[in-house]
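User: I'd like to learn how to read a protein model feature by feature. Could you walk me through one?

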Amino acid sequence: MALKTALAAQVGLVKEVTYGTYVAPTRFIEFVSESMKQEIDRVESKAIRANSRVMRSDDWASGTKGVSGDVELELWNKSFGLIFELMIGGSAVTTTATGSMYTHTFTPGDLASATIQAGVPDIGGTVRPFSYTGCMVNEWELSSTVGDPVMVKLGVVGQAETTAQSLASASYATGLELLTFVGGNLSIAGTGVPVNKVTLKGNNGLATDRYFLGSANRSQPLEADLREYSGDFEAEFTDLTAYNRYVNGTEAALVLTFAGVANPTHKLVVTCNVRFDGETPTVGGTGIVTQPMSFKAVASSTDASALTLAYSTPDATV
């Protein structure tokens with residue numbers, strides 16, 4: 001008997017050839033939650049009709065349409081190349097000396113669109129396909145906290161929703177390993193910093209309001225602002241090093257690594273040149289004094305991209 005709850009749910013995606021043109025999903029990833037939904041504006045008449053007290057059926061019409069929502073995932077050692085390409089842009093793939101591992105390197109580049117399909121089970125046991133075309137990642141978040149898996153959250157904007165497409169048959173990669181805080185490491189200027197949580201966020205600066213006469217659908221969002229990569233972490237107050245970077249405006253290389261425990265060569269390494277926007281450590285009780293730090297990635301003469309993401313995986317292709 002088919003499951004009749006979200007236990008039967010699925011999420012699949014695929015990169016589109018043409019923006020907004022449906023492609024059957026081929027990549028399926030275990031997910032934590034999704035909030036994709038269609039938004040339809042209503043155009044309402046403001047005209048006065050003698051003795052009318054309420055709006056009539058012919059006083060309104062459907063307006064602009066669009067799609068938005070979040071997809072929340074846990075980070076795995078496989079299947080995430082496409083996710084990172086949608087988040088960051090262009091990629092290059094290099095093969096390690098053994099030939100069994102591949103490193104997909106992503107730096108800010110042209111953003112692709114994708115078709116995302118959510119399989120939503122109804123209480124009768126039928127998984128209903130909600131397909132979203134023209135999906136682009138406008139915002140994203142990578143976070144890690146002691147005790148938890150590494151989390152990836154995608155803030156998606158899209159063009160259209162349909163239930164007319166068939167439900168794609170879900171298949172998942174084998175040999176998966178969950179990447180967690182245990183394989184995590186944060187270093188600044190080459191020195192490891194013990195932290196219990198860290199967050200890195202990206203904003204791709206997309207213009208999502210591209211609507212024109214003749215169509216209710218959103219035209220492809222274009223980059224209309226500088227991309228912003230920022231984050232924060234909290235460390236114990238050990239000395240004045242971090243504080244002085246904040247006060248003196250000293251930039252430094254920040255490297256965030258998440259590696260598998262069983263397979264440490266399977267890993268995600270994020271490298272940024274950052275400016276620190278921290279704060280003065282304060283005493284709020286008898287416990288260990290902490291040093292909260294926020295940061296923002298900035299391009300430099302030695303790191304023009306400001307951010308590089310390297311994903312080492314057995315996957316030969318993105």
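User: Let's start with burial: what share of the 318 residues of the protein chain counts as buried?

Analyst: Happy to help, and keep in mind that this is a predicted model. A residue counts as buried when its relative accessible area is under 20%. Here 41% of the 318 residues meet that description. As for the outside, the protein chain exposes about 16,300 Å², with carbon and sulfur atoms supplying 52% of that area.

User: Which secondary structure elements does the protein chain have?

Analyst: The count comes to two helices and 21 strands. Along the principal axes, the C-alpha atoms fill a box of roughly 75 × 50 × 45 Å. Contacts add to the picture: among those between residues at least 6 apart in sequence, 70% join residues at least 24 apart.

User: Can we look at a single residue? Is Thr133 buried or exposed?

Analyst: Thr133 has a relative accessible area of 6%, so this residue is buried. Thr133 belongs to strand 9, which covers residues 127-145. Leaving aside residues up to four places away in sequence, Thr133 touches several others, including Glu16, Tyr22, Ala114 and Gln159.

User: And at the surface, which residues make the nonpolar patch of about 350 Å²?

Analyst: A patch of this kind takes residues with over 30% relative accessible area and joins nonpolar side chains within 5 Å. In this model, Val146, Phe181, Val182 and Val261 make the patch. Take Val261: a relative accessible area of 55% means that this residue is exposed. Val261 sits in the loop between strand 18 (252-259) and strand 19 (267-276).

User: Now the charges. How many salt bridges does a search of the whole structure find?

Analyst: The test is a side-chain nitrogen of Lys or Arg within 4 Å of a carboxyl oxygen of Asp or Glu. The search finds nine. One of them pairs Asp70 with Lys153 at 3.8 Å, N to O. That pair links distant parts of the chain, since Asp70 lies in strand 5 (residues 60-74) and Lys153 in strand 10 (residues 151-158), 83 residues apart. Asp70 is partly exposed at 31%, and Lys153 is partly exposed at 35%.

User: What about Glu223 and Arg227: where do they stand on accessibility?

Analyst: Their side chains meet in a salt bridge of 2.9 Å, N to O. Glu223 is partly exposed, at 41% relative accessible area, whereas Arg227 counts as buried because its relative accessibility is 18%.

Technical notes:
Residues are numbered from 1 along each chain as its sequence is written. This is a predicted model: local features need pLDDT of at least 70, side-chain atom pairs count only at pLDDT 80 or more; totals for chains, interfaces and linings use all residues. Side-chain values use heavy atoms; hydrogens and water are left out. Patches are made of residues with over 30% relative accessible area and no salt bridge: like charges are joined within 9 Å, nonpolar side chains (Val, Leu, Ile, Met, Phe, Trp, Tyr) within 5 Å. Accessible areas come from the Shrake-Rupley method with a 1.4 Å probe; for residues, only the protein chains shown count as cover. Helices (H or I, at least four residues) and strands (E, at least two) are DSSP runs, numbered from the N terminus. Buried means under 20% relative accessible area, exposed over 50%, partly exposed in between (1.4 Å probe, protein chains only). Contact means heavy atoms within 4.5 Å.
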